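Please open the structure in a viewer and keep the sequence at hand. The tour below proceeds by selection, one stop at a time.

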Amino acid sequence: MSMPEWFTRGFSAPRLKPYLAAVGGDADAALRLYLWNTEVSGAFYGPLHWAEVILRNTLHDNLNTYFGPKVWWESAPLLDGTLRKIQDATTLCQRKHPRATTADDIVSELTFGHWVGLLASRYDRTLWVPTLHDAFPGYRGRRDHLHTRLQSLLKLRNRISHHEPIHHLPLEADHATIYEVLRYVNPDAARELRSYDQLPSILSQRPPRI
């Protein structure tokens, strides 16, 4: 069976090639896999959204408490790359909003990669040791192990955002990592949000691959 003409024309042969390869060239199976990849990517949106927003708000509050009374990025010992990201977010907010830009505007504009980067080795002594470890009351491990978990979620988020294949990834493990990180930050949120999560059902419907 060949793929429908509208499908190959709309999504392009190069894009569909990895799906065909994953199912041994079976066009019907590749179509099902592509559609499931779209569905499971959408189902990840909620849990990734929760993890990102809760993490960024927690880190922001923690840093403000430690470096106050001004907003934390005005007094924290940040490197030039981080400061540029904050300035870029500020400039973008100023273009988007006719009113005065607030700290909350800037926080919501900063990327997940920015927040994950605050837990990198370059900030071990200046941010993690004095304060950011307190943002994870449920975690007692090393900073680099936590950073690795967050990086894996960042990569998954970015693949989904760019509509890339994720069917070949260890998605059950990625799903578990999301709740693991949430438990470190806010165990009540981790427990309550599970009831809204549709991902386990969709993961159970994964089409077979070779």
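The following stops move from the whole chain to single helices, loops and a pocket.

**The whole model**

Begin with the entire chain in a cartoon view, bearing in mind that this is a predicted model. The protein has 11 helices and 0 strands, so that each element met from the N terminus on is an α-helix. Along the principal axes, the C-alpha atoms fill a box of roughly 65 × 40 × 30 Å. Of the 210 residues in the protein, 44% are buried. Among contacts between residues at least 6 apart in sequence, 67% join residues at least 24 apart.

**Helix α2**

Select residues 13–22, which form helix α2. Which residues of α2 are buried? They are L16, Y19 and A22. These residues lie on the same side of α2, because they cover an arc of only 105° around the axis. An α-helix has 3.6 residues a turn, so residues three or four places apart point the same way.

Now turn to the face of α2 that points away from its buried side: the exposed residues A13, P14, K17 and A21 are carried there. Add α1 (5–11) and α3 to the view, since what covers the buried residues of α2 includes both of these helices. Just after α2, select G24, which takes a positive phi of about 65°.

**The nonpolar core**

Next, display V40, F44, W72, L127 and F136. In the largest nonpolar core, which holds 67 residues, these five touch the most other members. The largest share of this core comes from α3, with 18 residues. In soluble globular proteins, nonpolar side chains tend to be buried together.

**W72**

Keep W72 selected and follow the backbone around it. W72 is placed in the loop between α3 and α4 (80–96). Is W72 buried or exposed? With a relative accessible area of 0%, W72 is buried, because buried means under 20% relative accessible area. To see what surrounds W72, show H60, L63, N64, F67, L78, I86, H114, W115 and L118, with which W72 is in contact when neighbours within four places in sequence are left aside.

**H167**

Move to the loop between α8 and α9 (171–185), where H167 lies. H167 is buried as well, with a relative accessible area of 4%. Neighbours within four places in sequence aside, the contacts of H167 are Y19, A22, L33, W36, N37, R206 and R209. Two of the names in that list, Y19 and A22, were met earlier among the buried residues of helix α2.

**The largest pocket**

For the last stop, select S41, G42, Y45, L48, H49, E52, V53, R157, I160 and S161, which line the largest pocket. The volume of this pocket is about 200 Å³. Which helix gives the most to the lining? It is α3, with 7 residues. Both α3 (27–67) and α8 (143–161) supply at least two residues of the lining. By type, the lining residues divide into 4 nonpolar, 4 polar and 2 charged.

Finally, pick I160 from the lining and draw a distance from its C-alpha atom to that of W72. The two residues are 88 apart in sequence, and their C-alpha atoms are 31 Å apart in space.

Conventions. Residues are numbered from 1 along each chain as its sequence is written. This is a predicted model: local features need pLDDT of at least 70, side-chain atom pairs count only at pLDDT 80 or more; totals for chains, interfaces and linings use all residues. Side-chain values use heavy atoms; hydrogens and water are left out. On a 1 Å grid over the protein atoms alone, a cavity is a set of points where a 1.4 Å probe fits but cannot get out, and a pocket is an open set with protein on both sides within 12 Å along at least five of seven lines; lining residues have an atom within 4 Å of a point. Grid points are joined across faces, edges and corners, and a volume is the space filled by probe spheres set on the points. Helices (H or I, at least four residues) and strands (E, at least two) are DSSP runs, numbered from the N terminus. Ala, Val, Leu, Ile, Met, Phe, Trp, Tyr, Cys and Pro count as nonpolar, Asp, Glu, Lys and Arg as charged, and the others, Gly among them, as polar. A nonpolar core is a set of buried Ala, Val, Leu, Ile, Met, Phe, Trp, Tyr and Cys residues joined through side-chain atoms within 4.5 Å. Buried means under 20% relative accessible area, exposed over 50%, partly exposed in between (1.4 Å probe, protein chains only). Contact means heavy atoms within 4.5 Å. The arc is that of the directions from the helix axis to the C-beta atoms.
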